[in-house]
Amino acid sequence: MSPKLTFPKDKVIAAALEITREQGLGSVSARTVSKILKSSVAPIYSCFKSTDEMKKAVLKMAHNILIEYSTKDYTDKIFLNIGVGFVRFARDEKNLFRALFLEENNFNDISMDFFEFIKYRMSLDTDFSDMPEEEVGKLFMDMWTYVNGLASMICVGIQKENSDQYLIQNLARVGAAIITSYVGKFDSPDDVVVNV
């Protein structure tokens, strides 16, 4: 009798992530993951009790990738970097973005984790240190509406221009207009130091 084949959980998640990147989260199943790992479905179910549990692990991994994008220093502005990173993620990781933000699923807590991350990062940005928390929340929602719209348009191919330079200039311009409506004078988009 041959030994029972097993895989580390992270290897199963990596295979499911690969499927999601190429085909979308809807294509993730024990059968499709087992094909990549060249095994039966039994080792997959030894790691995850259900396909939903495996999909949730994939979305958590996608969330971690999004955090990496959103913490890079594209400019000298923390808040702008979050937006640029979010839109770059939508551009570069279309199926992961769709799975997290455009498709209906039972894992809204993962998206909520990203909102909490943004609020935390905003608290580190000295541009908002004098703003009341309620105003910061309103600012966040106004910017989120715009940034998510732009990211979605780029993800689905409606917005064709998506270079890093375009993203930085566009988000800096719109961000300056929205932020100015909350805090008065704000740096001109031309004053932003670009690191890309």
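**Helices and salt bridges in the predicted model**

Lys56 comes out as partly exposed, because its relative accessibility is 26% (buried is under 20% relative accessible area, exposed is over 50%, and partly exposed falls in between, with a 1.4 Å probe and protein chains only). This is a predicted model, where local features need pLDDT of at least 70, side-chain atom pairs count only at pLDDT 80 or more, and totals for chains, interfaces and linings use all residues. Residues are numbered from 1 along each chain as its sequence is written, and side-chain values use heavy atoms, with hydrogens and water left out.

Lys56 pairs up with Asp109 in a salt bridge, with the closest N and O atoms 3.1 Å apart (a salt bridge is a side-chain nitrogen of Lys or Arg within 4 Å of a carboxyl oxygen of Asp or Glu). Asp109 sits in helix H7 (residues 108–124) and Lys56 in helix H4, so the pair ties together parts that are 53 residues apart in sequence. Helices here are DSSP runs (H or I, at least four residues), numbered from the N terminus. Like its partner, Asp109 is partly exposed, at 35% relative accessibility.

The structure holds eight salt bridges, and Lys138 turns up in two of them. With Glu134, the N to O distance is 3.5 Å; the two residues are four apart in helix H8 (residues 133–156), which puts about one helical turn between them. With Glu135, the closest N and O atoms are 3.4 Å apart, and this pair, three residues apart, also lies in H8. An α-helix has 3.6 residues a turn, so residues three or four places apart point the same way. Lys138 is partly exposed at 40% relative accessibility, while Glu134 counts as exposed at 57% and Glu135 as partly exposed at 25%. Elsewhere, salt bridges that share partners join Arg88, Arg91, Asp92 and Asp164 into one network.

Turning to helix H1 (residues 9–23), its 15 residues should span 21 Å at 1.5 Å a residue, and the end C-alpha atoms are indeed 21 Å apart (the expected span is 1.5 Å times one less than the number of residues). Buried residues of H1 include Val12, Ile13, Leu17 and Ile19. The buried residues of this helix pack against H2 (30–37), H3 (42–47), H4 (51–70) and H6 (94–102), contact being heavy atoms within 4.5 Å. Right after H1 comes Gly24, with a positive phi near 105°.

Helix H5 (residues 78–92) also has 15 residues and reaches 21 Å from first C-alpha to last, close to the expected 21 Å. In H5, 13 of the 15 residues are buried, so the helix is largely enclosed by the rest of the structure.
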